[in-house]
Amino acid sequence: MNNEQICPVMGHEINDISTAPSSEYKGTTYYFCCENCKETFDSNPATYAGNSGAEGHHHHHH
């Protein structure tokens, strides 16, 4: 099963989401490689929420 998560702040793959810090934003749960990244995301989630996913690097400006 391909259920890998990418840290939206650093872009690192999360090996074990059961121990990874996570945060929910607009109904989507994001996982982070470290607590520091979670705090960065929580302080400005709109900046990072669009970065997750491996379908290329598309930056949406709203």
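Two strands pair if DSSP finds at least two bridges between them. The model described here is predicted. In this model, strand E3, residues 22–25, is joined to strand E4 by four bridges. The two strands run antiparallel. Within this pair, Tyr25 stands opposite Thr28 of E4.

The chain as a whole comes next. It has two helices and four strands. Read from the N terminus, the order of elements is β-β-β-β-α-α. The chain holds 62 residues, and buried residues make up 29% of them. Its accessible surface comes to about 4,600 Å². Carbon and sulfur atoms account for 45% of that surface. Contacts along the chain were also sorted by separation. Of the contacts with a separation of 6 or more, 25% are between residues 24 or more positions apart.

The E3–E4 pair forms a hairpin, with two residues between the strands. Lys26 lies in this loop between E3 and E4. Its phi is near 50°, a positive value in a residue other than glycine. Most residues other than glycine have a negative phi. Is Lys26 buried or exposed? Lys26 counts as exposed, because its relative accessibility is 73% and the cut-off for exposed is over 50%.

Strand E3 has two faces. In a regular strand the side chains alternate between the two faces of the sheet. In E3, Ser23 and Tyr25 form the covered face. Ser22 and Glu24 form the uncovered face.

Which residues make up the largest nonpolar core? This core has 11 residues in all. They are Cys7, Ile14, Ala20, Tyr25, Tyr30, Tyr31, Phe32, Cys37, Phe41, Tyr48 and Ala49. Strand E4, residues 28–31, supplies at least two of them, and so does helix H1, residues 35–43. Tyr25, on the covered face of E3, is also one of the core residues.

Tyr31 is another member of the core. Its contacts, leaving aside neighbours within four places in sequence, fall on several parts of the chain that come before it. They include Gln5, Ile6, Cys7 and Pro8. Ile14 and Ile17 are also in contact with Tyr31. So are Ala20, Pro21 and Ser22. Among these partners, Cys7, Ile14 and Ala20 belong to the core as well.

Helix H1 has a buried side. The buried residues of H1 are Cys37, Lys38 and Phe41. They lie on the same side of the helix, because they cover an arc of only 100° around the axis. What covers these residues includes E3, E4 and helix H2, residues 45–48. The face of H1 turned away from the buried side carries the exposed residues Asn36 and Ser43. Two of the buried residues, Cys37 and Phe41, are members of the largest nonpolar core.

Lys38 is the charged residue to follow here. Where is Lys38 placed? Its place is in helix H1. Lys38 counts as buried, because its relative accessible area is 19% and the cut-off for buried is under 20%. Leaving aside neighbours within four places in sequence, Lys38 is in contact with Pro21, Ser22, Ser23 and Phe32. Of these, Ser22 and Ser23 are residues of E3, and Phe32 is a core residue.

How many salt bridges does the structure hold? The structure holds one. Side chains of opposite charge can pair when their charged atoms come close. Here Asp42 forms a salt bridge with Lys38. The closest N and O atoms of the two are 2.9 Å apart. Asp42 and Lys38 are separated by about one helical turn, because they are four residues apart in helix H1. The two partners differ in burial: Asp42 counts as partly exposed at 37% relative accessibility, whereas Lys38 counts as buried at 19%.

Glu4 comes at the other end of the description. Its place is in the segment before strand E1, residues 5–6. Glu4 counts as partly exposed, at 43% relative accessibility. Glu4 and Ile17 are 13 residues apart along the chain. Their C-alpha atoms are separated by 8.4 Å. Ile17 is also one of the contacts of Tyr31.

How values were computed. Residues numbered from 1 in each chain as written. Predicted model: local features only at pLDDT ≥ 70, side-chain atom pairs only at ≥ 80, totals over all residues. Heavy atoms only, no water. Core = buried A, V, L, I, M, F, W, Y, C linked by side-chain atoms within 4.5 Å. Buried < 20%, exposed > 50% of the residue type's maximum accessible area, 1.4 Å probe, protein only. Contact = heavy atoms within 4.5 Å. Arc of directions from axis to C-beta. Areas by Shrake-Rupley, 256 points an atom, 1.4 Å probe, with all protein chains shown as cover. Salt bridge = Lys/Arg side-chain N within 4 Å of Asp/Glu carboxyl O.
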